[in-house]
Amino acid sequence: MLIQPTLDALNALKLHGMAAALSEQMTQSAAQGLSFEERIGLLVEREAVFRESRRLTRLLQQAQLKERACLEDLDFRARRGLDRAHIATLTACDWIRVGQNLLIQGATGCGKTFLACALAHQACRQGLSALYVRAPRLFEELTLAHADGSFRKRLAALAKTSLLVIDDFAISPLGARERGDLLEILDDRIGARATLITSQLPVEHWYEYIGDPTLADAILDRLLHSARTLTLELTLEGESMRKRKSQAQA
(Lines give C-alpha, C1' and ligand atoms only; values in the text may rest on other atoms or scores of the structure.)
Protein backbone atom coordinates (compact mmCIF):
# COMPACT_ATOMS: atom_id res chain seq x y z
CA MET A 1 0.00 0.00 0.00
CA LEU A 2 1.28 3.46 -0.94
CA ILE A 3 1.39 5.53 2.21
CA GLN A 4 2.39 8.86 0.68
CA PRO A 5 -1.15 9.86 -0.43
CA THR A 6 -2.35 9.27 3.14
CA LEU A 7 0.48 11.38 4.54
CA ASP A 8 -0.29 14.13 2.05
CA ALA A 9 -3.96 14.05 3.03
CA LEU A 10 -3.16 14.22 6.75
CA ASN A 11 -0.86 17.20 6.22
CA ALA A 12 -3.45 18.89 4.01
CA LEU A 13 -5.92 18.50 6.88
CA LYS A 14 -3.25 20.02 9.19
CA LEU A 15 -2.98 16.77 11.13
CA HIS A 16 0.78 17.08 11.18
CA GLY A 17 1.25 15.15 14.41
CA MET A 18 -0.65 12.17 13.05
CA ALA A 19 1.29 12.33 9.78
CA ALA A 20 4.62 12.26 11.60
CA ALA A 21 3.48 9.39 13.83
CA LEU A 22 2.20 7.36 10.88
CA SER A 23 5.45 7.87 9.00
CA GLU A 24 7.37 6.62 12.04
CA GLN A 25 5.07 3.62 12.44
CA MET A 26 5.79 2.53 8.88
CA THR A 27 9.50 2.27 9.68
CA GLN A 28 9.12 0.48 13.03
CA SER A 29 8.68 -3.26 12.97
CA ALA A 30 7.25 -3.23 16.50
CA ALA A 31 4.33 -1.12 15.31
CA GLN A 32 3.33 -3.77 12.79
CA GLY A 33 2.38 -6.10 15.63
CA LEU A 34 -0.09 -3.64 17.14
CA SER A 35 -3.81 -3.86 16.55
CA PHE A 36 -5.61 -1.27 14.43
CA GLU A 37 -7.15 0.26 17.57
CA GLU A 38 -3.75 0.55 19.24
CA ARG A 39 -2.14 2.15 16.20
CA ILE A 40 -4.92 4.68 15.66
CA GLY A 41 -4.81 5.47 19.38
CA LEU A 42 -1.10 6.28 19.13
CA LEU A 43 -1.75 8.50 16.10
CA VAL A 44 -4.44 10.47 17.92
CA GLU A 45 -2.27 10.80 21.03
CA ARG A 46 0.62 12.18 18.95
CA GLU A 47 -1.67 14.71 17.30
CA ALA A 48 -2.94 15.90 20.69
CA VAL A 49 0.62 16.28 22.01
CA PHE A 50 1.68 18.09 18.83
CA ARG A 51 -1.18 20.58 19.06
CA GLU A 52 -0.60 21.22 22.76
CA SER A 53 3.09 21.87 22.15
CA ARG A 54 2.33 24.22 19.27
CA ARG A 55 -0.25 26.10 21.33
CA LEU A 56 2.18 26.54 24.24
CA THR A 57 4.89 27.80 21.88
CA ARG A 58 2.48 30.33 20.39
CA LEU A 59 1.26 31.56 23.78
CA LEU A 60 4.81 31.95 25.10
CA GLN A 61 5.85 33.91 22.03
CA GLN A 62 2.89 36.24 22.50
CA ALA A 63 3.61 36.61 26.23
CA GLN A 64 7.05 38.19 25.58
CA LEU A 65 8.30 37.12 29.00
CA LYS A 66 11.44 38.83 30.23
CA GLU A 67 12.63 35.77 32.16
CA ARG A 68 12.68 32.14 31.10
CA ALA A 69 11.03 31.12 34.34
CA CYS A 70 8.74 28.39 35.57
CA LEU A 71 7.30 27.61 38.98
CA GLU A 72 9.43 24.47 39.33
CA ASP A 73 12.52 26.69 39.39
CA LEU A 74 11.41 28.85 42.32
CA ASP A 75 13.93 28.87 45.16
CA PHE A 76 12.05 28.26 48.39
CA ARG A 77 15.26 27.83 50.35
CA ALA A 78 15.99 31.55 50.29
CA ARG A 79 13.72 33.05 52.92
CA ARG A 80 12.08 35.73 50.82
CA GLY A 81 8.52 35.45 52.06
CA LEU A 82 7.68 32.77 49.50
CA ASP A 83 5.22 30.34 50.98
CA ARG A 84 5.12 27.01 49.15
CA ALA A 85 1.47 26.43 50.04
CA HIS A 86 0.45 29.88 48.82
CA ILE A 87 2.28 29.42 45.52
CA ALA A 88 0.59 26.03 45.15
CA THR A 89 -2.80 27.73 45.26
CA LEU A 90 -1.73 29.85 42.27
CA THR A 91 -0.52 26.92 40.18
CA ALA A 92 -3.92 25.85 38.84
CA CYS A 93 -4.46 29.43 37.58
CA ASP A 94 -8.04 29.58 38.87
CA TRP A 95 -7.28 33.10 40.12
CA ILE A 96 -6.65 34.09 36.52
CA ARG A 97 -9.82 32.45 35.26
CA VAL A 98 -11.96 34.42 37.73
CA GLY A 99 -10.15 37.69 37.03
CA GLN A 100 -8.44 38.08 40.40
CA ASN A 101 -5.48 40.46 40.60
CA LEU A 102 -2.10 39.70 42.16
CA LEU A 103 0.24 42.35 43.54
CA ILE A 104 3.88 41.45 44.21
CA GLN A 105 5.88 43.97 46.22
CA GLY A 106 9.47 43.93 47.43
CA ALA A 107 12.91 45.48 47.12
CA THR A 108 15.06 45.34 44.01
CA GLY A 109 16.55 41.89 43.40
CA CYS A 110 14.17 39.86 45.56
CA GLY A 111 12.78 37.94 42.58
CA LYS A 112 9.55 39.78 41.73
CA THR A 113 10.07 39.65 37.97
CA PHE A 114 11.09 35.99 38.01
CA LEU A 115 8.00 35.02 40.00
CA ALA A 116 5.74 37.10 37.76
CA CYS A 117 7.17 35.48 34.63
CA ALA A 118 6.89 32.02 36.19
CA LEU A 119 3.20 32.60 36.90
CA ALA A 120 2.67 33.90 33.36
CA HIS A 121 4.46 30.82 32.01
CA GLN A 122 2.14 28.64 34.08
CA ALA A 123 -0.86 30.48 32.62
CA CYS A 124 0.38 29.64 29.11
CA ARG A 125 0.72 26.00 30.14
CA GLN A 126 -2.91 26.10 31.16
CA GLY A 127 -3.88 27.44 27.74
CA LEU A 128 -4.40 31.02 28.94
CA SER A 129 -2.99 34.05 27.16
CA ALA A 130 -0.49 36.27 28.96
CA LEU A 131 1.51 39.41 28.25
CA TYR A 132 4.51 40.82 30.12
CA VAL A 133 5.37 44.50 29.90
CA ARG A 134 7.31 46.91 32.09
CA ALA A 135 5.19 49.84 33.25
CA PRO A 136 7.41 52.56 31.70
CA ARG A 137 7.38 50.74 28.34
CA LEU A 138 3.61 50.21 28.52
CA PHE A 139 2.91 53.90 29.05
CA GLU A 140 5.39 54.81 26.31
CA GLU A 141 3.63 52.47 23.88
CA LEU A 142 0.24 53.90 24.81
CA THR A 143 1.49 57.45 24.27
CA LEU A 144 2.56 56.45 20.76
CA ALA A 145 -0.79 54.73 20.25
CA HIS A 146 -2.57 57.99 21.09
CA ALA A 147 -0.44 59.73 18.47
CA ASP A 148 -1.02 57.28 15.62
CA GLY A 149 -4.69 56.60 16.39
CA SER A 150 -4.27 52.97 17.47
CA PHE A 151 -5.03 53.53 21.16
CA ARG A 152 -8.46 51.86 21.13
CA LYS A 153 -7.11 48.90 19.20
CA ARG A 154 -4.29 48.52 21.72
CA LEU A 155 -6.73 48.72 24.63
CA ALA A 156 -8.92 46.05 23.05
CA ALA A 157 -5.92 43.73 22.67
CA LEU A 158 -4.92 44.23 26.32
CA ALA A 159 -8.51 43.64 27.44
CA LYS A 160 -8.56 40.22 25.78
CA THR A 161 -5.37 39.01 27.47
CA SER A 162 -6.13 36.58 30.29
CA LEU A 163 -3.15 37.69 32.40
CA LEU A 164 -1.53 41.10 32.01
CA VAL A 165 1.79 41.40 33.87
CA ILE A 166 2.85 45.00 34.57
CA ASP A 167 6.38 44.92 35.95
CA ASP A 168 8.22 47.75 37.74
CA PHE A 169 5.11 49.77 38.55
CA ALA A 170 5.78 53.09 40.36
CA ILE A 171 9.40 53.20 39.24
CA SER A 172 8.99 56.50 37.40
CA PRO A 173 6.63 59.50 37.78
CA LEU A 174 3.03 59.08 36.67
CA GLY A 175 1.56 61.90 34.62
CA ALA A 176 -2.05 62.79 33.89
CA ARG A 177 -2.15 60.79 30.64
CA GLU A 178 -0.57 57.73 32.27
CA ARG A 179 -3.11 57.85 35.10
CA GLY A 180 -5.96 58.00 32.60
CA ASP A 181 -4.53 55.19 30.49
CA LEU A 182 -4.04 52.96 33.54
CA LEU A 183 -7.64 53.52 34.57
CA GLU A 184 -8.82 52.59 31.07
CA ILE A 185 -6.80 49.36 31.15
CA LEU A 186 -8.03 48.30 34.57
CA ASP A 187 -11.63 49.29 33.87
CA ASP A 188 -11.69 46.89 30.90
CA ARG A 189 -10.29 44.06 33.00
CA ILE A 190 -12.04 44.31 36.37
CA GLY A 191 -13.80 41.07 37.27
CA ALA A 192 -13.06 39.53 33.87
CA ARG A 193 -9.29 39.39 33.40
CA ALA A 194 -6.41 39.10 35.86
CA THR A 195 -3.71 41.73 36.28
CA LEU A 196 -0.38 41.03 38.00
CA ILE A 197 1.63 44.05 39.11
CA THR A 198 5.10 44.09 40.62
CA SER A 199 6.50 47.11 42.43
CA GLN A 200 9.27 48.18 44.77
CA LEU A 201 6.82 50.63 46.31
CA PRO A 202 4.60 49.08 49.01
CA VAL A 203 0.94 48.95 48.04
CA GLU A 204 -0.08 51.24 50.90
CA HIS A 205 1.88 54.07 49.24
CA TRP A 206 0.31 53.71 45.79
CA TYR A 207 -2.41 56.26 46.53
CA GLU A 208 0.16 58.99 47.12
CA TYR A 209 2.19 57.86 44.12
CA ILE A 210 -0.76 58.06 41.72
CA GLY A 211 -1.32 61.62 42.91
CA ASP A 212 -4.72 62.69 41.64
CA PRO A 213 -7.17 61.78 44.44
CA THR A 214 -10.13 61.09 42.13
CA LEU A 215 -8.18 58.89 39.74
CA ALA A 216 -6.27 57.25 42.58
CA ASP A 217 -9.55 56.18 44.17
CA ALA A 218 -10.84 54.83 40.86
CA ILE A 219 -7.62 53.01 39.96
CA LEU A 220 -7.10 51.41 43.35
CA ASP A 221 -10.76 50.44 43.61
CA ARG A 222 -10.41 48.41 40.42
CA LEU A 223 -6.96 47.13 41.23
CA LEU A 224 -7.32 46.14 44.89
CA HIS A 225 -10.80 44.63 44.64
CA SER A 226 -10.35 41.02 45.91
CA ALA A 227 -6.65 41.20 45.01
CA ARG A 228 -3.95 39.02 46.54
CA THR A 229 -0.72 40.58 47.77
CA LEU A 230 2.68 38.89 48.02
CA THR A 231 5.56 40.59 49.79
CA LEU A 232 9.02 39.32 48.90
CA GLU A 233 12.16 40.05 50.88
CA LEU A 234 15.87 39.82 50.20
CA THR A 235 17.68 36.74 51.42
CA LEU A 236 18.93 36.64 54.98
CA GLU A 237 22.36 37.65 53.73
CA GLY A 238 20.85 40.72 52.04
CA GLU A 239 21.96 39.44 48.65
CA SER A 240 19.72 39.92 45.64
CA MET A 241 18.37 36.90 43.77
CA ARG A 242 19.64 38.46 40.53
CA LYS A 243 23.19 38.44 41.92
CA ARG A 244 22.84 34.87 43.21
CA LYS A 245 21.63 33.76 39.77
CA SER A 246 24.52 35.42 37.93
CA GLN A 247 27.03 33.84 40.33
CA ALA A 248 25.47 30.41 39.82
CA GLN A 249 25.79 30.75 36.04
CA ALA A 250 29.41 31.91 36.21
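**Close-up views of a predicted model**

About 40 Å³ of space lies in the largest cavity, a cavity being a set of points on a 1 Å grid over the protein atoms alone where a 1.4 Å probe fits but cannot get out. The model is predicted, with local features needing pLDDT of at least 70 and side-chain atom pairs counting only at pLDDT 80 or more, whereas totals for chains, interfaces and linings use all residues. Residues are numbered from 1 along each chain as its sequence is written, and side-chain values use heavy atoms, with hydrogens and water left out.

**View A. The lining of the largest cavity.** By this rule one cavity of 30 Å³ or more is counted, where grid points are joined across faces, edges and corners and a volume is the space filled by probe spheres set on the points. Its lining residues, which have an atom within 4 Å of a point, are Ala135, Pro136, Phe139, Asp168, Ala170, Ile171, Ser172, Pro173, Leu174 and Tyr209. Helix α8 (residues 135-148) gives the most to this lining, with three residues; helices (H or I, at least four residues) and strands (E, at least two) are DSSP runs, numbered from the N terminus. By class the lining has eight nonpolar, one polar and one charged residues, with Ala, Val, Leu, Ile, Met, Phe, Trp, Tyr, Cys and Pro counted as nonpolar, Asp, Glu, Lys and Arg as charged, and the others, Gly among them, as polar.

**View B. The second largest pocket.** This pocket, an open set with protein on both sides within 12 Å along at least five of seven lines, holds about 190 Å³ of space. It is lined by Gln64, Leu131, Tyr132, Val133, Arg134, Arg137, Glu141 and Arg154, and the largest share of that lining, four residues, comes from β2. Sorted by class, the lining of the pocket has three nonpolar, one polar and four charged residues.

**View C. Two nonpolar cores.** The largest nonpolar core, a set of buried Ala, Val, Leu, Ile, Met, Phe, Trp, Tyr and Cys residues joined through side-chain atoms within 4.5 Å, has 32 residues, and those with the most contacts inside it are Trp95, Leu115, Leu163 and Leu196. Helix α7 (residues 112-125) gives the most to this core, with nine residues. Leaving aside residues up to four places away in sequence, Leu163 touches residues including Trp95, Leu119, Leu131, Arg189 and Leu196, contact meaning heavy atoms within 4.5 Å. A second, separate core of 29 residues includes Leu142, Phe151, Ile197 and Ala216.

**View D. The two sides of helix α9.** In helix α9 (residues 151-160), Phe151, Leu155, Leu158 and Ala159 are buried, where buried means under 20% relative accessible area, exposed over 50% and partly exposed in between (1.4 Å probe, protein chains only). Seen down the axis of α9, these buried residues fall within an arc of 100 degrees, so they line one face of the helix; the arc is that of the directions from the helix axis to the C-beta atoms. The face turned away from the buried side carries the exposed residues Lys153 and Lys160, while the buried residues pack against β2 (130-134), α8, β3 (163-169) and α10 (176-189).

**View E. Positive phi at two loop residues.** Lys14, in the loop between α1 (4-12) and α2 (16-25), has a positive phi near 65 degrees and counts as exposed at 56% relative accessibility. Cys93, in the loop between α5 (84-91) and α6 (94-97), has a positive phi of about 65 degrees although it is not a glycine, and it counts as buried at 1% relative accessibility.
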